[in-house]
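Biologist: Please take a close look at the place where the two chains meet, and describe it step by step for a first-year student. How many residues of each chain are in contact there?

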Amino acid sequence: MKNWRNTVKKRGPGSEGWQAFLLPLSVFLLLITIWQLFVNLSGIEEWLLPGPIAIIEALWGNRDLMWYHSVQTLSETLVGLAIAVAVGVLIATVIESSELLRKSFYPLLVATQTVPIVAVAPLLFIWLSYGFTHKVFVVALVCFFPVTISLADGYRMVDRDMVRYMTSMGASPVQIFRMVKLPAALPSFFSGLRIAATYSVMGAVIGEMIGASRGLGIFLIRASQSYLTDRVFAIIVVITLLSLSIYAFVEILARVMMPWYHKQKDPA
Amino acid sequence: MIYKLEVRHVKKTFATRQEGEIVTALQDVSLSIRDGEFVSIVGPSGCGKSTLLDMIAGLSVPDDGDILLNGTSIVSEKGHVSYMPQKDSLFPWRTILDNVIVPLQVQGVRKKEARQEALALLPDFGLEQFADHYPFMLSGGMRQRASFLRTYLQKKDVMLLDEPFASLDALTRMKMQEWLMKMWQTFQHAVLLVTHSVDEALLLSDRIYVFSPRPGRVLTEISVDIPRPRAARTSADPSFTSLKKELLHWLEDGISHEAPVRKKQIP
């Protein structure tokens, strides 16, 4: 028994990593198979519940349309996310520079986070009509709060002793910010950015649902109004894949920018 | 005579959170360190040792008195002395090499040149194989070495060490003390070490100031005339033990005078 354990351990984290990937994948495939079997055996109408095979066919059969709408949604998402990050970093940094500003604005920032953006999107539609800008605004609004608040909190979490140490050497406030506060805030910033990344595509899709001529959101509405259920599922798959890839991008960025943090978290 | 570092009649009080109550942390403290001398402050917790180091480092201002470096006042001025904080405070996002160059970067040295300079010093500090390691990968002793090298690279000829080995286990601590002695004999800085370990103070110092509990003041000053080089086994010498007795006597005396209530509780 002991020997067996040792050999498993000796294979190292690589094999465990595969296990962490293979196990959920097997469960996923199993669920898909059950779904397909249920559709085949029950004879349920396809407009009510299409099977996975039908969905994949719809996905592949409409690949040009899928691509056409995805490009729109993805560009809205990326521009909105970029604006949210730029404005969020700016505001979090400015309010960190002064105790008075922080005290005045931070509670408001936290409070506005509770405003449901889904409800604000129609208002933005009135102001901005149904163009590209409208969707970018919705995405930026959705992503702005997690980014700003996580960075503002990150600045607060800096180790006071490190700041004191820098001060004792005669370091300037700018040096202390660049060498201590900013890197110390990165982990918190990235956890906010991860949340923003998962919300971002949803923001664009909601914006498009309210009114658009192009994009996965309006494509989804049209498909559902035509009871093209297999296509609706296919679009959901595409939206999920988009969200996943943006999340993965943020994750890779985090690993590049904070190698120390991830080495510490999973010492491989 | 002009001392390297001189603390003259320094007093420091703090206002507590409870309204109006003022706590005296240091009450008329005077001490001096000659060039190249190793001096320790020994005292119980809360005797204001760290408060004193903060003031010498310019992090806080004394209510009264003066602090002189080479005869010139440095009160509330930062960057005159090398200061090694109690916690190693290494930056987790920097490798050991990039951690130790922080003081150089603060002084405006470019990263590349700073790295070259520090890289040449790593072997002397026993850190050559850890240049690219992050602090969390190192043992407590190695982290303190890195912290010490970082302090050394502040390049001031007075070093303040605030209980540098307090968090280490006994064996590592002993090794680090011997190591620090060797380093000090090579570099010949004036050192002010704060510790609450009597053995550590005796082993390392030329002179020891014994502090009383709060309000902190100098109870006595003891010269340690044990010949160098010393080693861990020096602590078994009769001269060492007699000095230790004297030190402990002062510390116990100081405590019993300051805490009469507690003394009554223990029959």
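Modeller: In this predicted model, 20 residues of chain A are in contact with 24 residues of chain B. Between them, the two chains bury about 2,100 Å², and 68% of that area lies on carbon and sulfur atoms. On the side of chain A, Tyr165(A), Met179(A) and Trp260(A) supply 32% of the area buried against chain B, more than any other three residues.

The interface also has a polar part. The count between chain A and chain B is 3 salt bridges. In one salt bridge, the side chain of Arg164(A) meets that of Asp54(B), with 2.6 Å from N to O. In addition, 8 residue pairs are found in polar contact across the interface of chain A and chain B, both residues of each pair being at pLDDT 80 or more.

It is helpful to ask which elements form the side of chain A that touches chain B. Those that give two or more residues are α8 (160–168), α9 and α12 (259–265) of chain A. The helix α8(A) gives the most, with 7 residues.

Met166(A) offers a view of individual contacts. Setting aside residues up to four places away in sequence, Met166(A) touches Ala171(A), Gln175(A), Ile176(A), Met179(A) and Val180(A) of chain A, and also Phe91(B), Val102(B) and Val106(B) of chain B. Met166(A) is also a member of the largest nonpolar core, which has 65 residues. Within this core, Met166(A), Val180(A), Phe190(A) and Ile235(A) touch the most other members. Helix α9 (residues 173–210) of chain A provides the largest share of the core, namely 15 residues. A second, separate core of 50 residues includes Val42(B), Ile101(B), Leu122(B) and Met176(B).

The partner, chain B, may be considered next. Chain B is divided into domain 1 (5–81 + 157–265) and domain 2 (88–155), and 26 Å separate the centres of these two domains, taken over C-alpha atoms. The contact between them takes 14 residues from domain 1 of chain B and 11 residues from domain 2 of chain B. Together these domains bury about 1,100 Å², with 75% of it on carbon and sulfur atoms. In domain 1 of chain B, Met159(B), Trp179(B) and Phe187(B) lose the most area to domain 2 of chain B, together 43% of what that side buries. Between domain 1 and domain 2 of chain B the count is 0 salt bridges, and 1 residue pair is found in polar contact, both at pLDDT 80 or more.

Note on methods. Residues numbered from 1 in each chain as written. Chains lettered and ligands numbered in written order. Predicted model: local features only at pLDDT ≥ 70, side-chain atom pairs only at ≥ 80, totals over all residues. Heavy atoms only, no water. Core = buried A, V, L, I, M, F, W, Y, C linked by side-chain atoms within 4.5 Å. Buried < 20%, exposed > 50% of the residue type's maximum accessible area, 1.4 Å probe, protein only. Helix = DSSP H or I, 4+ residues; strand = E, 2+ residues; numbered from the N terminus. Contact = heavy atoms within 4.5 Å. Domains from an automatic or database assignment. Buried area = accessible area lost by both parts, 1.4 Å probe. Salt bridge = Lys/Arg side-chain N within 4 Å of Asp/Glu carboxyl O. Polar contact = N/O pair within 3.5 Å; in protein donor to acceptor, adjacent residues only side chain to side chain.
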